Amino acid sequence: MSGGGFSAGAQAVGGGGPKTDQRLRAMGVVTIGDLAALPPGSLIARFGRSHGSWLYQAAREVDATPQVRFRPPDVKRRPDVRIIQIDHHNRDCLAKELVEKIAAMITT
């Protein structure tokens with residue numbers, strides 16, 4: 001099969017292990033493009049309805065997972081919550097700074 005534009009290996013789709021990879025290779029599927037080019041019926045026949053449908057959608061980057069919007073807690077409604085601002089990119093100082101800030105909160 002030809003790559004169809006998606007040159008990453010079919011195992012990059014995830015959700016399958018070595019057995020799935022072997023079965024895909026036996027079908028001539030080497031790249032995600034190869035997987036995306038297959039009709040859903042052939043994947044369902046080979047892998048079953050659930051896994052075959054998932055492979056078909058994953059190769060096309062279809063994700064039916066509902067989006068959940070993160071909303072930070074409203075501090076005004078939670079007077080017991082305190083926000084600690086720390087430079088979390090500096091890992092060397094992170095633990096020490098965090099302990100110092102929590103200690104200061106406890107003693108005040």
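This report describes the helices, core and surface of one chain in a predicted model.

## Overall layout

The chain has five helices and zero strands. Along the sequence, the pattern reads α-α-α-α-α. There are 108 residues, and buried residues account for 18% of them. The chain exposes about 8,400 Å². Carbon and sulfur atoms supply 55% of that area. Take the contacts between residues at least 6 apart in sequence: 36% of these join residues at least 24 apart.

## The nonpolar core

The largest nonpolar core holds ten residues in all. From the N-terminal end these are Leu24, Val29, Ile32, Leu35 and Ala36, then Leu38, Leu43, Phe47, Leu55 and Ala59. H2, H3 and H4 each supply at least two residues of this core. The largest share, three residues, comes from H2.

## Helix H1

H1 spans residues 18-26. Its buried residues are Thr20, Asp21 and Leu24. These residues lie on the same side of H1, because they cover an arc of only 100° around the axis. An α-helix has 3.6 residues a turn, so residues three or four places apart point the same way. The other side of H1 carries exposed residues: Pro18, Lys19, Gln22 and Ala26. The buried residues of H1 pack against H2, H3 and H4. One of those buried residues, Leu24, also belongs to the largest nonpolar core.

H1 also holds a salt bridge. The side chains of Asp21 and Arg25 meet at 3.5 Å, N to O. Both residues sit in H1, four residues apart, which is about one turn of the helix. The count of salt bridges comes to one. Asp21 is buried. Arg25 counts as partly exposed, because its relative accessibility is 44%, and the partly exposed class lies between 20% and 50%.

Just after H1 comes Gly28, with a positive phi of about 90°.

## Helix H4 and its cover

H4 covers residues 49-59. Gly52, Leu55, Ala58 and Ala59 are buried there. Their arc around the axis is only 135°, so they fall on the same side of H4. Arg49 and Ser50, on the other side of H4, are exposed. The cover over the buried residues of H4 includes helix H1 (18-26), helix H2 (32-37) and helix H3 (40-47). Leu55 and Ala59 are members of the largest nonpolar core.

What follows H4 in the chain? Glu61 does, and its phi is positive, near 60°.

Gly52 deserves a closer look. It lies in helix H4. Gly52 counts as buried because its relative accessible area is 0%, against a cut-off of under 20%. Which residues does Gly52 contact, leaving aside its neighbours within four places in sequence? Leu43, Ile44 and Phe47 are its partners. Leu43 and Phe47 are also in the largest nonpolar core.

Two C-alpha pairs are set out here.

| Pair | Separation in sequence | C-alpha distance |
|---|---|---|
| Gly52 and Ser42 | ten residues | 8.1 Å |
| Pro40 and Ser53 | 13 residues | 6.5 Å |

Pro40 has its place in helix H3. With a relative accessible area of 33%, Pro40 is partly exposed.

## Helix H5 and the surface patch

H5 runs over residues 91-107 and includes Ile106. Is Ile106 buried or exposed? Ile106 is exposed, because its relative accessible area is 65% and the exposed class begins over 50%. Ile106 joins Leu98 and Ile102 in a nonpolar patch on the surface. Together the three have about 270 Å² of accessible area.

## Summary

Five helices and zero strands make up the secondary structure of the chain. H1 and H4 each have a buried side: Thr20, Asp21 and Leu24 are buried in H1, while Gly52, Leu55, Ala58 and Ala59 are buried in H4. H2, H3 and H4 each give at least two residues to the ten-residue core. At the surface, Leu98, Ile102 and Ile106 form a nonpolar patch.

Definitions and conventions: Residues are numbered from 1 along each chain as its sequence is written. This is a predicted model: local features need pLDDT of at least 70, side-chain atom pairs count only at pLDDT 80 or more; totals for chains, interfaces and linings use all residues. Side-chain values use heavy atoms; hydrogens and water are left out. Buried means under 20% relative accessible area, exposed over 50%, partly exposed in between (1.4 Å probe, protein chains only). The arc is that of the directions from the helix axis to the C-beta atoms. Contact means heavy atoms within 4.5 Å. Patches are made of residues with over 30% relative accessible area and no salt bridge: like charges are joined within 9 Å, nonpolar side chains (Val, Leu, Ile, Met, Phe, Trp, Tyr) within 5 Å. Accessible areas come from the Shrake-Rupley method with a 1.4 Å probe; for residues, only the protein chains shown count as cover. A salt bridge is a side-chain nitrogen of Lys or Arg within 4 Å of a carboxyl oxygen of Asp or Glu. A nonpolar core is a set of buried Ala, Val, Leu, Ile, Met, Phe, Trp, Tyr and Cys residues joined through side-chain atoms within 4.5 Å.
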